[in-house]
Amino acid sequence: MKKKPEFRFAFPEDTGKILFFIKNLARYEKLEDEVVATEELLREWIFEKKKAEVLFALEDGKEVGFALFFYNFSTFLGRAGIYLEDLFVLPEYRGRGYGKGLLRELARIAVEQRCGRLEWSCLDWNRPSIEFYLSLHAQPMKGWTVYRLTGNSLKNMAGSDEEEMQ
């Protein structure tokens, strides 16, 4: 009989484990050079400022997968939702139900807290993940494109009001 996956929320002393999973996810996504997060930054933003939460999937007490998420808000629904930023299961533990278990646990949290939705993004080339999400009846958001400001573009935009008013 298959064991039911176990989960636990991360604590500040887990910050190194969180960074470990982030780096492994980045390696899988071929984005390793974009990781600038440090344990100090993660501790500040996740545990001190409480801007995100982390859920671990466990096998025999060992962390084998993680989900990093935060709450967003839908003006159309008039309620919060959960945005899943990262989901990653170590390769040697894939196919055992940990990814699905993490999503199921997040869905349970969303329903328990009366959130209107659970959503995430997936890289277009990541067919294994896309097929997995489709098998769970998740729907891609057709007609939507994600836009992002970072680095100097973000800083320039933050100062643009003063420039436009002159």
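Which residue in β4 stands opposite Ala67? In this predicted model, the residue opposite Ala67 is Leu87. The pair is one detail of a sheet, and the sheet is best read after the overall layout.

The chain has 166 residues, and 33% of them count as buried. Its secondary structure comes to six helices and five strands. Read from the N terminus, the order of elements is β-α-α-β-β-β-α-β-α-α-α. Along the principal axes, the C-alpha atoms fill a box of roughly 70 × 35 × 30 Å. Contacts also reach across the sequence. Among those between residues at least 6 apart, 59% join residues at least 24 apart.

The five strands form an open sheet. Their order is β1-β2-β3-β4-β5, and the pairing is mixed. Strands β1 (residues 6-9) and β5 (residues 118-120) are the edges, and each pairs on one side only. On average, neighbouring strands of the sheet are turned by 35 degrees against each other, with direction ignored.

Strands β2 and β3 are antiparallel and pair over seven bridges. Within this pairing, Leu58 has Glu63 in β3 as its bridge partner. The two strands form a hairpin with two residues between them. Asp60 is found in the loop between β2 and β3. Its phi is near 50 degrees, a positive value in a residue other than glycine. Most residues other than glycine have a negative phi. Asp60 has a relative accessible area of 66%, so Asp60 is exposed.

Strand β3 (residues 62-74) also pairs with β4 (residues 79-89). These two strands run antiparallel and are joined by ten bridges. Phe70 stands opposite Tyr83 in β4. Ala67, as noted at the start, stands opposite Leu87. Here the hairpin has four residues between the strands. Gly78, in the turn, has a positive phi of about 70 degrees.

Another positive phi occurs away from the sheet. Lys30 lies in the loop between α1 and α2. Its phi is about 60 degrees, although Lys30 is not a glycine. Is Lys30 buried or exposed? Its relative accessibility is 63%, so Lys30 counts as exposed.

Helix α3 (residues 98-112) lies across the strands β1, β2 (residues 53-59), β3, β4 and β5. The helix runs at about 165 degrees to β4.

Which residues have the most contacts inside the largest nonpolar core? They are Ile18, Ile46, Val54, Phe56 and Phe66, in a core of 36 residues. Several elements build this core. Helices α1 (residues 15-28), α2 (residues 39-48) and α3 each supply at least two residues, as do strands β2, β3 and β4. Helix α3 gives the most, with six residues.

Phe56 is one of the residues with the most contacts inside the core. Residues up to four places away in sequence are left out of its list of neighbours. Phe56 touches Glu6, Phe7, Arg8, Ala10, Asp14, Lys17, Ile18 and Phe21. Phe56 also touches Glu63, Gly65, Phe66 and Leu102. Two of these neighbours, Ile18 and Phe66, are named with Phe56 among the residues with the most contacts inside the core.

Helix α3 also takes part in a pocket. The second largest pocket has a volume of about 230 Å³. Twelve residues line this pocket, and the closest to its centre are Lys4, Pro5, Phe7, Gly101 and Arg104. Which element gives the largest share of the lining? That element is α3, with five residues. Helix α3 thus appears in three settings: across the strands of the sheet, in the largest nonpolar core and in the lining of the second largest pocket.

The last residue to place is Ala158. Ala158 belongs to helix α5 (residues 151-158). Its relative accessible area is 66%, so Ala158 is exposed. Glu63, the bridge partner of Leu58, is 95 residues from Ala158 along the chain. The C-alpha atoms of Ala158 and Glu63 are separated by 39 Å.

Terms used. Residues numbered from 1 in each chain as written. Predicted model: local features only at pLDDT ≥ 70, side-chain atom pairs only at ≥ 80, totals over all residues. Heavy atoms only, no water. Buried < 20%, exposed > 50% of the residue type's maximum accessible area, 1.4 Å probe, protein only. Pairing = 2+ DSSP bridges. Axes fitted to C-alpha atoms, helices over the stretch in contact; angles between N-to-C directions. Contact = heavy atoms within 4.5 Å. Core = buried A, V, L, I, M, F, W, Y, C linked by side-chain atoms within 4.5 Å. 1 Å grid on protein atoms, 1.4 Å probe; cavity = no way out; pocket = protein on both sides within 12 Å on 5 of 7 lines; lining within 4 Å. Points joined across faces, edges and corners; volume = space filled by probe spheres on them.
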